Amino acid sequence: MDRILVRGNGPLDGTIEISGAKNACLTLMPATLLTEEPLTLTNAPRLSDIRTMSTLLQSLGAEVSGLANGRVLAMSSHNIDTLTADYDIVRKMRASILVLGPMLARFGSAVVSLPGGCAIGARPVDLHLKALEAMGADLELRDGYVHAKAPTGGLRGARIAFPFASVGATENALMAATLAKGTTIIENAAREPEIADLADCLTKMGAHIDGAGTSTITIEGVDRLGGATHPVVADRIELGTYMLAPAIAGGSVELLGGTRALVAAFADKLEATGVEITETDKGLRVARNGERARAVDVVTEPFPGFPTDLQAQMMALMCTAQGTAVLEEKIFENRFMHAPELIRMGASIDVHGGTATVTGVEQLRGAPVMATDLRASVSLILAGLAAEGETVVSRVYHLDRGYERLEQKLGACGANIERISDDD
Ligand code: EPZ
């Protein structure tokens, strides 16, 4: 298994290109199942999660090609052979549940494995299932699988009021509703930019959607959807992660393709720590010179609030900030697994339930540490940029799920970082 070696190396200077969003791509890909015509995604990120979704779609009979040669993913679901999404693939990635709504809407039935547990929380899929039931689907949980059937004549438009603005449940309901009979209104819908991106793509495919990106989405079902070509929106979590690199190591980095609107709540917090953010012709420039960052408190919330997917990385900055910061995690119940690893690097962190209190220390020290999930692993790498000596992060397969060419991107800004393969 690969490891990543980081040596704290002083200020960074350079540019980083932001890739297409993993989490947008993972919901745009299942949209291919809604149509027999080709769906092409440009600006797709080259990540292991995207390969897992390709494998899942291919296992259903879809054709998926292109990523190895560039950023274009060409998909066709003209010939679907099976409507069963197997446990062996689904268990690798929870986003697999996103094939359920599209298959049910187009083919009238689907059998999808339940994803199972996850390192950051229980992550049930009850809201996905309730939304589909509201559209008339008959669901049965048997042998670890959801067996879903649409009523005769297909799914029906419905009013769906989510008790919590779930990203995935909104995506599943939105995709299913595009082919349902009549009008669907999703209330308390998630407002993440990935939802608006999905709605843009579905609209190009012929769907009638209003209000995506707000908390009420209205969808008029259509009889069929066609093909489209769609660029994947920029990855706001990758953007926020690399904005933290100069914030932690010092220096100045320009993030090409980043916009402030994608990370507004996070950018406000980062500025409150004393980091400078300026908009440039090509993206955002982030700089911290001299002074230690100041501690700021953070509460994670659904978009447009501070994203849970940047909490671990923000904690890495707070580890060396001046003062004490309180970080409250409100989305997932077990998302502080990076804290014990950061403590191994000399950080002072106290975790009680969903709250972590971090008192900044002047200097972190490199240590061997272990990645537990995607965002936790990158927080350890960020911390390593500011640590004295060597940090070796193991289990970097978590990192490869969501960060494309991380060593090259940070290396190009002067970071001392390398991947050690077992064969080295
Ligand atoms: C998406 O997960 C992202 N994944 C996550 O990205 C992200 O952390 C999360 O949204 C929140 O922003 C993808 O887009 C592929 P949710 P999702 O449904 O859709 C509870 C990353 O690092 N819930 O909004 O699974 C759930 O347990 C990650 O890239 C239910 O109770 O998130 C959680 O506590 C990991 N029942 C909360 O809602 C449900 O049916 C938010 O989950 C669904 C969710």
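## Close-up views of a predicted model

**View 1. S166 and other residues beside the ligand.** In this predicted model, a polar side-chain atom of S166 sits 2.6 Å from an oxygen atom of the ligand. D309 also offers a polar side-chain atom, and this one lies 2.6 Å from an oxygen atom of the ligand. With P124, look to the backbone instead: one of its N or O atoms is 3.3 Å from a ligand oxygen atom. Around the ligand there are 21 residues, and those that come nearest are D126, S166, D309, I331 and R375.

**View 2. Helices α8 and α10 packed together.** Here you meet helix α8, residues 236-249, and helix α10, residues 311-318. Their axes are 10 Å apart and form an angle of about 5°. Angles under 35 degrees count as roughly parallel, so α8 is roughly parallel to α10. On the α8 side, the contact is made by I237, T241, L244, A247 and I248. Q313, M314, A316 and L317 are their counterparts on α10. Sorted by character, the residues of this contact are seven nonpolar and two polar, with no charged ones.

**View 3. T273 and its surroundings.** To find T273, follow the chain into the loop between α9 (264-272) and β16 (276-279). Is T273 buried or exposed? Its relative accessibility is 1%, so T273 counts as buried. Setting aside neighbours within four places in sequence, T273 is in contact with A293, R294 and V296, and also with M314, L317 and M318. Two of these may look familiar from View 2: M314 and L317 also take part in the contact of α10 with α8.

Notes: Residues are numbered from 1 along each chain as its sequence is written. This is a predicted model: local features need pLDDT of at least 70, side-chain atom pairs count only at pLDDT 80 or more; totals for chains, interfaces and linings use all residues. Side-chain values use heavy atoms; hydrogens and water are left out. Helices (H or I, at least four residues) and strands (E, at least two) are DSSP runs, numbered from the N terminus. Buried means under 20% relative accessible area, exposed over 50%, partly exposed in between (1.4 Å probe, protein chains only). Contact means heavy atoms within 4.5 Å. Axes are lines fitted to C-alpha atoms, for helices over the stretch in contact, and angles run from 0 to 180 degrees between N-to-C directions. Angles under 35 degrees count as roughly parallel, over 145 as roughly antiparallel, 65 to 115 as roughly perpendicular and the rest as oblique. Ala, Val, Leu, Ile, Met, Phe, Trp, Tyr, Cys and Pro count as nonpolar, Asp, Glu, Lys and Arg as charged, and the others, Gly among them, as polar. A residue is near a molecule or strand if one of its heavy atoms lies within 4 Å of it. A polar contact is a pair of N or O atoms within 3.5 Å; within protein, one must be able to donate a hydrogen and the other to accept it, and residues adjacent in sequence count only if both atoms are side-chain atoms.
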